[in-house]
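Let's walk through this structure together, one region at a time. Keep the 3D view open as you read, and turn it whenever a new element comes up.

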Amino acid sequence: MGTLGTAAMARMDDRLPWFRALSAEDRSWVGLVAQAGIAAFVEWFQHAGEGRPTPSIEFFGTAPRELKRSISLQQTVDIVRIVVEVVETMTDELAAPGGGDQLEQAMLRYTRDVAFAAAQVYAREAEARGAWDARLEALIVDALVRGEVDDGLHSWAAALGWTSSPVVVIAGHAPDDDPRAVIDGLREKGRRIGMDLLAGVQADRLIVIVGGAASVEGAARQVVPRFGPGSIVIGPEVPDLHAAARSARAAIAGLKASSGWPDAPRPVHAEDLLAERALDGDEDARAQLVENVFQPLTGTPLLDTLATYLEQGTSLEATARLLFVHPNTVRYRLKKITELTGYQPTEGRSAFTLQVGLILGRLSESAVTWRALT
């Protein structure tokens, strides 16, 4: 048995590049497993005749759990094949006179059962790993939705092999399919298109976290078919998973407020729903509108021009008369407002967002004044 084990290790070292690349500890464990397998075969072969028991495959338990993660099923098959080759080359020395055929037949039966046993070991590991990965994935999605981001989140993501950036979160309604099937389908889709995908179904809501996408719109197009009917909202792109809570918060708030814009495109960016989100009580959206709309115009004639223009039903002439300026001056100021805020007052959706931003800005100023007085 010692001779066979040594010969098997030498041939593995000669034929298998991946074996040579293993750590000394893992190589030692592989050698012990190979020797245990040979010893188990000898023990089994001693029971001559048709009444031999089913070969024992308990020798796989010799290996530590970590070794199964270092060596793939295909590599395990390579090990078994080499051990069989070594035994076959020494059949004449090992077999009793006239017992060569009997030994070869026994080897065929034994290695067949060993191959099935190896497949079972890896199948159990895969099932356990899959269940564990599913729990980790659910924990990550739940933590991001709750905004509970800490170092543990990165550890969980690293365990799933997550290394991608940037990151974007997409929220929508879950389909009627089995949630596990939906998530598995999304994960498989991510592997095919070369992106990291994490997903979670929470009640009637499907949350998808996308990492490593070259284009947010391209990523959204890939996952949109997996959602159920209704609105789909894309959160802002963030640099990494640690900042993904902000993207998740915006996407979920947008989904909640999306009924305020029935004709919104599908999918729609959370940024395009700022006004609806603000009206629905989203503090992030309110602060962003004040920052983007009110603050850049404060202390300039542009603020009065915008307020008057909106109050006069977007009429240039009426605005010019009330401000005692030429209509071209109003046009120039409206252009500057667009440059400063990113919203065009002459366009319906933008005008609505600007109106909400003005109101929120005035309310914030009033709140500051009120606090100062009290």
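Which residue is the bridge partner of Val168 in β3? It is Val210. Before we follow that pairing any further, please keep in mind that this is a predicted model.

Let's step back for the overall picture. The chain has 17 helices and five strands. Of its 374 residues, 43% count as buried. Among contacts with a separation of 6 or more, 67% are accounted for by residues 24 or more positions apart.

Now to the sheet. The five strands form an open sheet with mixed pairing, and reading across it gives the order β2-β3-β1-β4-β5. At the edges sit β2 and β5, each of which pairs on one side only.

Back to our opening pair. Strand β1 covers residues 167-173 and pairs with β3 in the antiparallel sense, over seven bridges. The Val168 and Val210 partnership belongs to β1's side of the story, but β3 has another neighbour to look at. Strand β2, residues 196-202, is joined to β3, residues 205-211, by seven bridges, and these two strands also run antiparallel. Here Val210 turns up again, as the bridge partner of Leu197. Follow the ladder along and you will find Val201 partnered with Leu206, and then Gln202 with Arg205.

What do β2 and β3 form, and how many residues lie between them? They form a hairpin with two residues between the strands. Take a look at Ala203 in that turn, where phi is positive at about 60 degrees. Both arms of the hairpin are mostly covered: five of the seven residues of β2 are buried, and six of the seven residues of β3 are buried.

Next, see which helices lie against these strands. Helix α9, residues 179-193, lies across β2 and β3, and runs at about 165 degrees to β2. Helix α11 packs on the sheet too, touching β1, β3 and β4 (232-234). The direction of α11 makes about 25 degrees with that of β1.

If you trace the chain onward from α11 (244-257), you enter the loop that leads to β5 (268-269), and Ser258 is found in this loop. Is Ser258 buried or exposed? Ser258 has a relative accessible area of 7%, so it counts as buried. Leaving aside residues up to four places away in sequence, Ser258 touches Ser231 and Leu273.

Finally, let's move to a pair of helices, α14 (residues 301-311) and α15 (residues 316-323). Their axes come within 9 Å and cross at roughly 130 degrees. This angle is why α14 is described as oblique to α15. The crossing of α14 and α15 is right-handed. On the α14 side, the contact is made by Thr305, Thr308 and Tyr309, while α15 brings in Leu316, Thr319, Leu322 and Leu323. Sorted by class, the contact between the two helices has four nonpolar residues, three polar ones and no charged ones.

To close the tour, turn the view back to β3 and see how it takes part in two pairings: seven bridges link β3 to β2, and seven link β3 to β1. At Val210 the two pairings meet, with Leu197 as its partner in one and Val168 in the other.

Terms used
Residues numbered from 1 in each chain as written. Predicted model: local features only at pLDDT ≥ 70, side-chain atom pairs only at ≥ 80, totals over all residues. Heavy atoms only, no water. Buried < 20%, exposed > 50% of the residue type's maximum accessible area, 1.4 Å probe, protein only. Helix = DSSP H or I, 4+ residues; strand = E, 2+ residues; numbered from the N terminus. Pairing = 2+ DSSP bridges. Contact = heavy atoms within 4.5 Å. Axes fitted to C-alpha atoms, helices over the stretch in contact; angles between N-to-C directions. Parallel < 35°, antiparallel > 145°, perpendicular 65-115°, else oblique. Left-handed = near helix turned anticlockwise from the far one by under 90°. Nonpolar A, V, L, I, M, F, W, Y, C, P; charged D, E, K, R; others polar.
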